[in-house]
Amino acid sequence: MAERRNVVALTGAGISVESGIPAFRGTQGLWEKYDPMEYATLHAFVRSPRKVWEMLSEMVSVCGDAAPNAAHKGMAALEKRGVVRAVITQNVDGLHQAAGSRRVIEYHGNMETLVCISCWKRYPTRERWRPGTVPLCDCTEILKPDVVLFGEPIPWLAQEQAEEEARTCGVLLVIGTSAQVSPACDIPRIAKESGAAVIEINPEPTSLTASVTDLHLQGTASEVLGCLVGLLRNPANGHP
Ligand code: APR
């Protein structure tokens, strides 16, 4: 990282677990409680928006109450020091920006805005949503958070920017993602094929570990990033 400096990060739900936001998969995952095919596809939203809002309400509340943890702050510190150039996040919680990261590519959108899928009008979530209610547009249609549900395309600009960052980075940090969802899971491959070193930070191995990853730092995001920030602050402490 110190040598190549063109470091880009791809983050997933794991980086926000220590902020109290459950991941999607694995025990305690959100998809253990809500079948994503029934609660997280665009088709399901159009068919029964009130039902899908049961799950969305939980996400809006949990994200709304969460604060950035040491891992988010570590990323912001590495950006400030010119080591990290951009963060591509699959998360919709806005915690990278809350921690001070400036170049954040929101690959799956953001919970802080609601959009009407009939007239495309947008509203700040905090203005239109109340716990236990289903937010409505002025046109009376039910509003949807501006996040990418299964079956929806990735926002064009975010996809373009993310792939450009992956093609031109020296190091890709892959933090807290199971890499099971496409097209986000293709980003590490694009980086690798473009000559970048891929460093994975995750307590568990993933589908990338044996195929794409050059270095798997097995641990939580906050503890591993804490070490990296320390090492980069004080390279004299004898580590490579
Ligand atoms: N630090 C780092 N990684 C962690 C931590 C932690 N404290 N806790 C868990 N993890 C890892 C898990 O081992 C797992 O590999 O984070 C990963 C979380 O995986 P998922 O729950 O599958 O989340 P993610 O990869 O971000 O999901 C991708 O799928 O459901 C959709 O749109 C949703 O953006 C999401 C996408």
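**Exercises on a predicted model**

Trp120 is exposed, at 54% relative accessible area, in a model that is predicted.

**Exercise 1.** State where Trp120 lies and what is notable about its phi.

Solution. Start with the location: Trp120 sits in the loop that runs from strand S4 (109-116) to strand S5 (122-124). Next, take the backbone: phi is about 65 degrees, a positive value although Trp120 is not a glycine. Last, take the exposure: the cut-off for exposed is over 50%, so Trp120, with 54%, counts as exposed.

**Exercise 2.** Examine the loop between S7 and H10 at Ala179 and Pro183.

Solution. Ala179 belongs to this loop. Its phi is near 55 degrees, which is positive in a residue other than glycine. Buried means under 20%, so Ala179, at 11% relative accessibility, is buried. Pro183 is in the loop too, between strand S7 (171-175) and helix H10 (187-193). The peptide bond joining Ser182 and Pro183 is cis, with omega about 10 degrees.

**Exercise 3.** Describe how the protein holds polar atoms against the ligand, and how much of the ligand is covered.

Solution. First, the site: the ligand takes up the space of the largest pocket. It is surrounded by 21 residues, with Arg25 and Asn202 among the closest. Second, the polar pairs: a polar side-chain atom of Arg25 is 2.6 Å from a ligand oxygen atom. For Glu18, a polar side-chain atom lies 2.9 Å from a ligand nitrogen atom. Gly176 places a polar backbone atom 3.3 Å from an oxygen atom of the ligand. Third, the cover: of the 740 Å² of accessible area that the ligand has on its own, the protein covers 89%.

Definitions and conventions
Residues numbered from 1 in each chain as written. Predicted model: local features only at pLDDT ≥ 70, side-chain atom pairs only at ≥ 80, totals over all residues. Heavy atoms only, no water. Near = heavy atom within 4 Å. Polar contact = N/O pair within 3.5 Å; in protein donor to acceptor, adjacent residues only side chain to side chain. Areas by Shrake-Rupley, 256 points an atom, 1.4 Å probe, with all protein chains shown as cover. 1 Å grid on protein atoms, 1.4 Å probe; cavity = no way out; pocket = protein on both sides within 12 Å on 5 of 7 lines; lining within 4 Å. Sits in = over half its atoms within 2 Å of the grid points. Helix = DSSP H or I, 4+ residues; strand = E, 2+ residues; numbered from the N terminus. Buried < 20%, exposed > 50% of the residue type's maximum accessible area, 1.4 Å probe, protein only.
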